[in-house]
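Hi,

Here is the structure I promised to pass on. Have a look at it first, and my notes follow below.

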Amino acid sequence: MKLNSLLWVNIFFLVTVLASCEQDYTPKPKGYNRIDLPPHKYIPLQEEHPYTFELSEYTTILKDTSGISEPHWIDIHYPEFKANIQITYKNIENNKKKFDELINDSHKLASKHQIKAYSIDEAVLTTTKGYSATVFELSGEVPSQFQFYITDSTRHFLRGALYFRTALKNDSLAPIIEYIKEDVIHMLNTTDWKK
């Protein structure tokens, strides 16, 4: 009798296990949130600064309120993406030493991210207005994924860095980073200096 009960328990267990394995299970691939990006549209910078450029119409200009801010430092804020492009401006005053220091500082600020960056790609561009611009693309879980500076090499030096105010990983932000990079390239190509 014990053997018969044990046999029925084993048969029941075996049928239960086989019945639960009948359905195929396919794990879902890893996915990201859908991000709908608006078409690129640009407007001229309305504020009074020694520089002008066109920026995305989806942005707002915020005054830099950091303790070290100087006149003409601004944040180009993307409210929908929780992103800022921090803009700093310096008048070189035709001072070669000051110009070299600003170039070195820009490279140092980009290289500070080497600890977390997989790579830092640097490209030198000549804008449509004939100014020299350098862009740094940083890959990896870095706080600033895109940095740049533009100068006429005698009087004006403008530097920018993209930052996100969100906890999302950079691979999730990749479409937004690419979108904003396109805006930055347009901004650089339309940058000019006031006399």
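Lys96 is exposed, with a relative accessibility of 59%. One caveat before going on: this is a predicted model. The partner of Lys96 in a salt bridge is Asp100, and the closest N and O atoms are 3.1 Å apart. Asp100 is partly exposed at 31%. Both residues sit in helix α2 (residues 96-111), four residues apart, so about one helical turn separates them.

That pair belongs to a wider set: the count of salt bridges comes to six. Another one joins Lys90 and Glu70, where the closest N and O atoms are 2.6 Å apart. Lys90 is in strand β6 (residues 83-91) and Glu70 is in the loop between β4 (60-63) and β5 (74-78), so this salt bridge ties together parts that lie 20 residues apart in sequence. Both ends are partly exposed: Lys90 has a relative accessible area of 25%, and Glu70 comes in at 30%.

Then there is Glu178 with Lys181, a salt bridge at 2.8 Å from N to O. These two are three residues apart in helix α3 (residues 170-190), about one turn of the helix. How buried or exposed are Glu178 and Lys181? Glu178 is partly exposed at 45%, whereas Lys181 counts as buried at 11%, because the cut-off for buried is under 20%. Glu137 comes in here too: salt bridges with shared partners connect Glu137, Glu178 and Lys181 in one network.

Now the overall layout. The protein has three helices and eleven strands, and along the sequence they follow the order α-β-β-β-β-β-β-α-β-β-β-β-α-β. There are 195 residues, of which 36% count as buried. The exposed surface is about 12,600 Å², with 56% of it supplied by carbon and sulfur atoms. If you take the contacts with a separation of 6 or more, 50% of them are between residues 24 or more positions apart.

Strand β6 is a good place to start if you want to trace the strand pairing. On one hand β6 pairs with β5, antiparallel, over five bridges; within that pairing, His77 has Asn84 in β6 as its bridge partner. The hairpin of β5 and β6 has four residues between the strands, and Lys82 there takes a positive phi near 55°. On the other hand β6 is joined by nine bridges to strand β10 (residues 156-164), again running antiparallel. Lys90, the salt-bridge partner of Glu70, stands opposite Phe157 in β10.

Next, the nonpolar interior. The largest nonpolar core has 30 residues, and Phe148 and Ile180 are the ones that touch the most other members. Two or more residues each come from β5, β6, β8 (132-140), β9 (144-151), β10 and α3. Which element gives the largest share of this core? That is α3, with eight residues. Setting aside neighbours within four places in sequence, Ile180 is in contact with Tyr78, Phe81, Ala83, Ile85, Leu162 and Phe164. There is also a second, separate core of ten residues, and among its members are Ile92, Ile103, Val142 and Phe157. So Phe157 turns up twice in these notes, once opposite Lys90 and once in this second core.

Last, the aromatics. The count of aromatic pairs is nine. Why does the pair of Tyr51 and Phe53 count as stacked? The ring centres are 5.7 Å apart and the planes are at 5°, and planes under 30 degrees apart count as stacked. Tyr51 and Phe53 are both buried. Tyr89 and Trp193 make a tilted pair, with 6.5 Å centre to centre and 40° between the planes. This pair links distant parts of the chain, with Tyr89 in strand β6 and Trp193 in strand β11 (residues 192-193), 104 residues apart. Tyr89 and Trp193 are both buried as well. Ring pairs also bring Tyr51, Phe53, Tyr89, Tyr131 and Trp193 into a cluster.

Cheers

Technical notes:
Residues numbered from 1 in each chain as written. Predicted model: local features only at pLDDT ≥ 70, side-chain atom pairs only at ≥ 80, totals over all residues. Heavy atoms only, no water. Salt bridge = Lys/Arg side-chain N within 4 Å of Asp/Glu carboxyl O. Buried < 20%, exposed > 50% of the residue type's maximum accessible area, 1.4 Å probe, protein only. Contact = heavy atoms within 4.5 Å. Areas by Shrake-Rupley, 256 points an atom, 1.4 Å probe, with all protein chains shown as cover. Pairing = 2+ DSSP bridges. Core = buried A, V, L, I, M, F, W, Y, C linked by side-chain atoms within 4.5 Å. Phe/Tyr/Trp six-rings, centres within 6.5 Å; stacked < 30°, edge-to-face > 60°.
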